[in-house]
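Please consider the structure shown below with attention to its empty spaces, one of its helices and its cysteines.

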Amino acid sequence: MTKIIYNHINKNWISKYPIVKFSGRIVVVLNAQEADKAVSFLLSQPLLGIDTETRPSFKKGKQNNVALLQVSTPEVCFLFRLNIIGMTDSIIRLLENKDVVKVGVSLNDDLRLLHKNGEFEPGSFIDLQNCINNIGIEDKSLQKLYANLFHKRITKGQQLSNWEADILTESQKLYAATDAWACINIYKEFKRLSETGDYQLIKEETDNNELSESISKER
């Protein structure tokens, strides 16, 4: 069945989509030894999803360092608590690796902020914002990209929570893992659609009746 996608997803539909959550194993990394083991495993994988979290600052002109680096496979996500362990040698090795592709959204911002935590030369990264336009999607946010491709909703309720807390809540861990894992799904679907051409792009000017009808058909 041909997949219907939009150059811009109608934001009014996103709240009506079912919530999607990472269902795999989440591992919180709290020291250099754990980081070594996690990185060794991650670098044995063919594709990784990556994202970061930073404690929000409500003071003008002040931005905190990255507190959490989340790196996921389809089955397991590692949460590196950078505010506790810093940029260990193994984390730098992961970021500099050129063999394993790491996909994310708005990676220029993430990498720029990570450089405040420690120096490294970025390895193999693919920013979904730079490739998804090849199939006509102009949306940029992770939530909109996922909704557009899968008609499921990623919740953003924990985005402005305290990522430097002594202990992360289960909701924080699930939120962070879902964001990294979702990047893998988006990239795989983008690749599939690019290779097969099995999609129909609906432009933003489509009227509301046609938009409603097309979504109903997909469901």
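The paragraphs that follow take up these topics in turn.

The model is predicted. Rolling a probe the size of a water molecule over the atoms shows where empty space is left. The largest pocket has a volume of about 590 Å³. Its lining comprises 27 residues, and those closest to its centre are Asp51, Thr52, Glu53, Asp110 and Gln159. Two or more lining residues are contributed by each of β3, α5, α7 (142-150) and α8 (170-196). The largest contribution comes from β3, which supplies 5 residues. By class, the lining of the largest pocket divides into 8 nonpolar, 10 polar and 9 charged residues.

Enclosed space is a separate matter. The count gives 1 cavity of 30 Å³ or more, and the volume of the largest cavity is about 30 Å³. Its lining is formed by Ile50, Asp51, Thr52, Leu69, Leu107, Asp110, Leu111, Leu114 and Phe125. Two elements, β3 (47-54) and α5 (107-114), each give two or more residues to this lining. Here the largest share, 4 residues, belongs to α5. The lining of the largest cavity has 6 nonpolar residues, 1 polar residue and 2 charged residues. Asp51, Thr52 and Asp110 line the cavity and are also among the residues closest to the centre of the largest pocket.

Attention now turns to α7, one of the elements that line the largest pocket. Within this helix, Leu142, Leu145, Tyr146, Ala147, Asn148 and Leu149 are buried. An α-helix has 3.6 residues a turn, so residues three or four places apart point the same way. The cover over the buried residues of α7 includes β1 (3-6), α1 (11-14), α6 (128-131) and α8. After α7 comes His151, which has a positive phi, near 55 degrees.

The cysteines remain to be considered. A disulfide is a covalent bond between the sulfur atoms of two cysteines. How many disulfides does the count give? The count is 0 disulfides. Cys77 is unpaired because its sulfur lies 10 Å from the closest cysteine sulfur, that of Cys183, which is too far for a bond; the cut-off for a disulfide is 2.5 Å between sulfur atoms. Cys131 is likewise in no disulfide, and the nearest cysteine sulfur, again in Cys183, is 11 Å away. Cys77 counts as buried, with 0% relative accessibility. Cys131 is also buried, at a relative accessible area of 9%.

Terms used. Residues numbered from 1 in each chain as written. Predicted model: local features only at pLDDT ≥ 70, side-chain atom pairs only at ≥ 80, totals over all residues. Heavy atoms only, no water. 1 Å grid on protein atoms, 1.4 Å probe; cavity = no way out; pocket = protein on both sides within 12 Å on 5 of 7 lines; lining within 4 Å. Points joined across faces, edges and corners; volume = space filled by probe spheres on them. Nonpolar A, V, L, I, M, F, W, Y, C, P; charged D, E, K, R; others polar. Buried < 20%, exposed > 50% of the residue type's maximum accessible area, 1.4 Å probe, protein only. Contact = heavy atoms within 4.5 Å.
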